[in-house]
Every structure is written in structure tokens, then in C-alpha cells.
Amino acid sequence: MYVLAQSLDPADLDVLGEACAELGLTLHDCDPEAGSPDWPDVLLASLHAVAATAPGLSAAEVKGRGGYPIAVLDSVSATGVLAALSDGFALALASPLKQHRLVDSLGYLKSVTPPESTQVLTLDGRGRLHSPSKAVPVTDAEAGMLRLLAGRPGQIVPRQDIAEATGGEDVNPVSSVLKQKLLDIDSGAKILKVPHLGFRLVGTVRDLSTASPGHENGSAT
């Protein structure tokens with residue numbers, strides 16, 4: 001799991017590095033000249049100095065990669081924070097960054113991202129959803145939503161697409177019931193609602209309903 005730094009000044013970058021080291025997170029400093037590569041790991045958050053003119057990932061692009069966009073402001077004011085939130089940032093911090101505040105903020109975000117081993121789900125083709133320890137029945141609409149989200153790993157899927165996958169059922173109750181069922185089977189997988197954008201699945205779904213007879217170990221999606 002890593003944190004991305006975008007256009008932070010050297011002092012803030014040093015403080016962020018110390019906070020990441022304390023939390024066991026990898027820090028990548030995004031070079032504006034080199035673009036934004038895809039590191040083979042899970043993006044937790046991206047801190048972006050909003051006053052910088054250098055190119056970088058936008059808040060929407062960070063969300064699209066499954067991370068939390070955090071704005072770093074020259075100073076905190078009601079107007080500045082509101083503008084950052086309106087631009088899609090999940091959180092706003094003031095420069096110079098404080099290590100204890102970073103540890104608190106990033107530590108919380110890390111705590112709500114469960115271990116990957118608990119995020120594997122299986123749809124067995126008989127209307128049941130399995131975690132490594134338990135199982136629960138699911139409706140066709142719930143299974144359709146899961147398949148769609150799993151088929152777009154790390155992406156935020158628009159509400160309209162999910163409505164089609166659920167057969168026209170209301171997305172809100174379908175997602176709410178499905179979230180509760182994930183808790184009921186002690187799954188670390190999560191369905192995250194991203195306001196005004198859609199939903200994203202944190203986890204993996206193995207769909208055995210598409211496996212040929214006699215091949216019960218269908219591939220992960």
C-alpha cells in the first residue's frame with residue numbers, strides 16, 4: 001500500500017515520508033516530468049499541493065485508481081477548504097504539514113482498508129456468496145452488481161451502469177443490503193459509495209456460475 005506525493009515542497013515531503021515510515025506505508029514522489037506511472041500496489045492516498053502549477057493526477061483520477069485525494073493548502077481558510085472539497089478532494093491539510101496530523105489521517109484511512117486475504121468473495125452459481133469463512137444468499141440484482149463491480153477492478157462504476165446490472169432495481173437498497181451481507185459473512189471486501197460518481201468494490205469476486213461443469217475453482221475476476 002502506498003501514498004503518492006504530488007508537487008509537495010521538500011520540507012512537507014520529508015514530514016510525509018516520516019509519517020509513512022511510522023505507518024508502514026510506501027511513499028512515491030510523483031515526478032511531473034515523468035508522468036504518473038502505475039505502481040504495482042494499492043494506492044491509499046495522494047497528497048497534492050493545490051497551488052502548484054505542475055501537472056499531476058486530478059482528484060477524480062486519484063479516486064478512479066481507488067485512492068483518497070488530499071489537498072495540501074498554503075493556509076487553511078473556510079473558502080480554501082470549501083474550494084478543495086468542491087474540486088473533489090476528500091480532505092484538506094495545511095502546509096507546513098504536521099507529522100502527528102498525517103499519522104492520524106493516513107492511519108485512519110489505512111485502518112478502513114482490510115487485509116487482502118479477507119477480501120476474496122465467491123459467487124457459487126446457486127445464489128450464494130461465500131467469504132473464506134461464511135456464506136449468505138444473494139439476489140440476482142445483488143449478484144449482478146457484484147459481477148459488474150468486480151469486472152472493473154479499482155474503478156468507480158457509474159450508478160447508471162449498476163442500475164442496468166441489477167435489472168432496473170433501485171441501486172441504493174441493493175447496495176445497502178449487499179454491504180450488510182458482506183459484514184454478515186465477515187468479509188473484508190467493501191462496496192464504497194463515491195458521492196456523485198458511483199460505486200467501487202474493494203475486493204475480488206470469483207464467479208463460479210460461469211465455470212464449466214466439473215471446474216469448481218473458477219478464475220478470479
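On a 1 Å grid over the protein atoms alone, a cavity is a set of points where a 1.4 Å probe fits but cannot get out, while a pocket is an open set with protein on both sides within 12 Å along at least five of seven lines; a lining residue has an atom within 4 Å of a point. Grid points are joined across faces, edges and corners, and a volume is the space filled by probe spheres set on the points.

Before you start: this is a predicted model, where local features need pLDDT of at least 70 and side-chain atom pairs count only at pLDDT 80 or more, though totals for chains, interfaces and linings use all residues. Residues are numbered from 1 along each chain as its sequence is written, and side-chain values use heavy atoms, with hydrogens and water left out.

**Exercise 1. Find the largest cavity and describe its lining.**

Step 1: Count. One cavity of 30 Å³ or more turns up.

Step 2: Size it. The largest cavity has a volume of about 40 Å³.

Step 3: Look at the walls. Its lining has 10 residues, and L149, A150, P153, L201 and G203 are the closest to the centre. At least two lining residues each come from α5 (140-150) and β11; helices (H or I, at least four residues) and strands (E, at least two) are DSSP runs, numbered from the N terminus.

Step 4: Sort them. The lining of the largest cavity splits into five nonpolar, four polar and one charged, where Ala, Val, Leu, Ile, Met, Phe, Trp, Tyr, Cys and Pro count as nonpolar, Asp, Glu, Lys and Arg as charged, and the others, Gly among them, as polar.

**Exercise 2. Do the same for the second largest pocket.**

Step 1: Its volume is about 350 Å³.

Step 2: There are 17 lining residues, with K63, Y68, K193, V194 and P195 closest to the centre. The elements giving two or more residues are β4 (68-73) and β9 (190-194), and β9 has the largest share, at three.

Step 3: By type, the pocket lining has 10 nonpolar, four polar and three charged residues.

**Exercise 3. Trace the five-strand sheet and place α1 on it.**

Step 1: Get the order. This open sheet runs β2-β1-β3-β4-β5 with parallel pairing; two strands pair if DSSP finds at least two bridges between them.

Step 2: Find the edges. β2 (26-30) and β5 (91-94) each pair on one side only.

Step 3: Check the turn. Neighbouring strands here are turned by 25° against each other on average, direction ignored; axes are lines fitted to C-alpha atoms, for helices over the stretch in contact, and angles run from 0 to 180 degrees between N-to-C directions.

Step 4: Add the helix. α1 (residues 10-23) packs on the sheet and touches β1, β2, β3 and β4, its direction making about 155° with that of β2. Contact means heavy atoms within 4.5 Å.

Step 5: Zoom in on one pair. β1 (residues 2-6) and β3 (residues 43-49) run parallel over five bridges, and Q6 has H48 as its bridge partner in β3.

**Exercise 4. Which strands form the four-strand sheet, and in what order?**

Step 1: Read across: β8-β7-β6-β11, an open sheet with mixed pairing.

Step 2: The edge strands are β8 (135-137) and β11 (204-207).

Step 3: Twist averages 25° from one strand to the next.

Step 4: β7 (residues 128-130) is joined to β8 by three bridges, antiparallel, and L129 sits opposite V136 in β8.
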